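Hello,

Here is the structure I promised to pass on to you. Have a look first, and then read on for what turned up in it.

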Amino acid sequence: MARSEKEVMIVGADDSEHSLYALEWTLDRFFVSFGPNFPFKLVVVHAKPTATSAVGMVGPGAAEVLPYIDSDLRKIAAGVLHKAKDICTSKSVTDVIYETVEGDARNVLCEAVERHHASVLVVGSHGYGAIKRAVLGSVSDYCTHHAHCTVMVVKKPKVKH
């Protein structure tokens, strides 16, 4: 990589408050404080599940439902990227690549790291407990073990009562 080129930072985005917090946290620490001389090229990646993976049913009638589910998933993806753009714009970070890639978030993020030759991947932590994490799987855990770059897991602080 030529010295004049910026390294790539990828931020995974979904429709959770945790990933949007991770994006804001990243912008505040790696972009806003540097003014216009950002040290990284920012890529925001949203993994859109396939309609078939979002539906646990199979059998007669499933084929008729899939187009509606896919349409909803496309709307959610557009909403996620719209929120991400709003957050970036509000912090005057406008030189951003936004991507929606269909597939499992774990694979989509690790493949984005390879495709963009990223040096950093940022993901939000949902803060699941051990049982929920074992059942649902952890995107951040998978990425820390499989992404070929530094992985930063940003956890939203809990509100103390």
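By a nonpolar core I mean a set of buried Ala, Val, Leu, Ile, Met, Phe, Trp, Tyr and Cys residues joined through side-chain atoms within 4.5 Å. Please keep in mind that this is a predicted model.

Let me begin with the whole chain. It has 6 helices and 5 strands, and from the N terminus the elements follow the order β-α-β-α-α-β-α-β-α-α-β. Of its 161 residues, 37% are buried. Among contacts between residues at least 6 apart in sequence, 77% join residues at least 24 apart. The accessible surface amounts to about 9,600 Å², and carbon and sulfur atoms account for 55% of that.

Now for the cores. The largest nonpolar core has 23 residues, and the members that touch the most others are L23, L27, F31, L42, V44, V93 and V122. At least two residues of this core come from each of β1 (7-12), α1 (17-30), β2 (40-48), α3 (62-90), β4 (120-125) and β5 (150-155). The most generous contributor is α3, with 5 residues. If you would like one residue to start from, try V93: setting aside residues up to four places away in sequence, V93 touches L27, F31, F38, L42 and C88. Another core lies apart from this one; it has 16 residues, including A47, V108, A112 and A118.

Helix α1 is worth a visit too. Its 14 residues should span 20 Å at 1.5 Å a residue, and its end C-alpha atoms are indeed 20 Å apart, so the two figures agree. Which residues of α1 are buried? They are S19, L20, A22, L23, T26 and L27. Viewed down the axis of α1, these buried residues fall within an arc of 155°, so they line one face of the helix. That fits a general point: an α-helix has 3.6 residues a turn, so residues three or four places apart point the same way.

One last stop is T26, which sits in α1. Is T26 buried or exposed? The relative accessible area of T26 is 1%, and because buried means under 20%, T26 counts as buried. Beyond its neighbours within four places in sequence, T26 is in contact with M9, V11, F31 and V122. As for L42, T26 is 16 residues from it in sequence and 10.0 Å from it in space, C-alpha to C-alpha.

Enjoy looking around, and best wishes.

Terms used
Residues are numbered from 1 along each chain as its sequence is written. This is a predicted model: local features need pLDDT of at least 70, side-chain atom pairs count only at pLDDT 80 or more; totals for chains, interfaces and linings use all residues. Side-chain values use heavy atoms; hydrogens and water are left out. Buried means under 20% relative accessible area, exposed over 50%, partly exposed in between (1.4 Å probe, protein chains only). Helices (H or I, at least four residues) and strands (E, at least two) are DSSP runs, numbered from the N terminus. Contact means heavy atoms within 4.5 Å. The expected span of a helix is 1.5 Å times one less than its number of residues. The arc is that of the directions from the helix axis to the C-beta atoms. Accessible areas come from the Shrake-Rupley method with a 1.4 Å probe; for residues, only the protein chains shown count as cover.
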